[in-house]
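Biologist: Can you take me through this one? I have a few short questions.

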Number of protein chains: 2
Amino acid sequence: MSSREATNTNAPRVLIVEDEEALSLLLAYNLEAEGYVVERCERGDDAELLLLEGPPDLVILDWMLPGVSGIEICRRLRAREGTRTLPVIMLTARGEEDERVRGLSVGADDYVVKPFSVPELMARVRALLRRAAPERIAGRLAAGDIELDRETHRVRRGARDVHLGPTEFRLLDRLLEKPGRVFTRAQLLDAVWGNTAEIDERTVDVHVGRLRKALSHGREPDPIRTIRGAGYAFDETFGR
Amino acid sequence: MSSREATNTNAPRVLIVEDEEALSLLLAYNLEAEGYVVERCERGDDAELLLLEGPPDLVILDWMLPGVSGIEICRRLRAREGTRTLPVIMLTARGEEDERVRGLSVGADDYVVKPFSVPELMARVRALLRRAAPERIAGRLAAGDIELDRETHRVRRGARDVHLGPTEFRLLDRLLEKPGRVFTRAQLLDAVWGNTAEIDERTVDVHVGRLRKALSHGREPDPIRTIRGAGYAFDETFGR
DNA sequence: GTCTTCATGACAAACCCATGACATCTTAAG
DNA sequence: CTTAAGATGTCATGGGTTTGTCATGAAGAC
């Protein structure tokens, strides 16, 4: 987890709205170190503009701000359709603590009192983003006598349980998502491995082989089709 | 374990969406005889309205419907948060069988081909409700010879009392809430430890280990499944 | 036949998980 | 208040799986 992609387009975007520059920079630095894309601004009214352009994945909001107050921004976020569920962490100075109820009632998802430890805030950011992440549609994929259950992570062929390693599981999942469709090795690397960067395309062959062996233990027909020069596909005519 | 009062408010509610009235009435009659509360409707778009009002505990859905098709309803159920795990049994005429893959991929939990025997359908209804039930019956979760009572905060395995620390108790509670489902460490941290996410994910391992040791004191089989690279699940096949 | 593409066994490294030990913190008892 | 017992989170260790690569041979394409 050490080397960080420079501009990963999938990285969560975080907006920091904080007028105390030292703090703002500190947070930005640490967030970027964890791979987030960070935007900063100092005034409440500026934040409004940024939020209109394209909402980030999370907002860190100071309570007291020049321009429009943090609490007001939060209220407006909650009122607008596109940002209603946008995770918000509110920062507040000690002494404003009694305002806590009010802060949460406006719709902040979490609440941190200054001074706080950076690791603590990082943890809360992670937690909120984790919770906001759209859950994978849990369901069951099936074709012929082969079944894959995303919820229980179980794979069966006929009556027998099939044991797959994590990679083979994801590979079958991907293939089964669209039976018949041909996936190039590059596409499979992208979907199954995520970081297509430093993995040899031939590795896909090996994993397809392993998947085949696991699925066709005896003399059962091979459900995976090799398309020479193109890639692999789950055989849509399989089981008919 | 299943005899129920006729108008028990806790009785599971079943919604039948079927345009063939004879069949619809037959099913309703048999389901009510087993103590379920039954609602019927004939059109797909009517079903949508009923489902919005208050989701039942199970839906029996005809494939071909006037208005909105069964498959479409199922897809929408799966897309909406509150009904994502709502059990669905799909009815289809012979000849539509080849659409089976599509039906299951949309997220139906079970699939029955007309004509079918009534006892068979009843069995499937029972099976599905049993699987989904633990979520609803507040107070007591059970699977195999393991029992967890939320009221008395007590856990038993067979005849013996199992002593668990608070964390292990909540952990088992969470796992037992949806037997079979795989929970990632992050999800377990959220559910069991709460929002203070400054906890290492590996800590979950330790507590699962402790839970295992407490549950399987002697040579009893381990009811918790480790899914490499994914998380943990209570083994739903446990005790069958 | 020849060249390209794919299948497969072998293997070392990396990875992931189970477990015991331990320091800290909480709770209960004396 | 003091002490003991219990619970909790972290860590280091060790064992088993998984994984990516490579070498070799088989199968297709032309």
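Modeller: We can go through the DNA contacts and then a piece of chain B.
Modeller: This is a predicted model, where local features need pLDDT of at least 70, side-chain atom pairs count only at pLDDT 80 or more, and totals for chains, interfaces and linings use all residues. Residues are numbered from 1 along each chain as its sequence is written, chains are lettered from A and ligands numbered from 1 in the order in which they are written, and side-chain values use heavy atoms, with hydrogens and water left out.

Biologist: How many residues surround DNA strand D?
Modeller: 26, the closest being Thr167(A), Thr203(A), His207(A), Arg210(A) and Thr203(B). A residue is near if one of its heavy atoms lies within 4 Å.

Biologist: Which polar contacts to phosphate oxygens of strand D are there, for instance from Thr203(A)?
Modeller: An N or O atom in the Thr203(A) side chain is 2.5 Å from a phosphate oxygen of strand D. For Glu168(B), a polar side-chain atom lies 3.5 Å from a phosphate oxygen.

Biologist: And what does Arg228(B) sit 3.1 Å from?
Modeller: A base nitrogen of strand D; the atom on the Arg228(B) side is a side-chain N or O.

Biologist: What share of the strand D atoms within 4 Å of the protein is sugar or phosphate?
Modeller: 62%, and the rest belong to bases.

Biologist: Switching to chain B, in which sense do β1 and β2 pair?
Modeller: Parallel: β1(B), residues 13–17, and β2(B), residues 37–41, pair over 5 bridges. Pairing takes at least two DSSP bridges, and strands are DSSP E runs of at least two residues.

Biologist: What stands opposite Val17(B)?
Modeller: Cys41(B), in β2(B).

Note on methods
Helices (H or I, at least four residues) and strands (E, at least two) are DSSP runs, numbered from the N terminus. A polar contact is a pair of N or O atoms within 3.5 Å; within protein, one must be able to donate a hydrogen and the other to accept it, and residues adjacent in sequence count only if both atoms are side-chain atoms.
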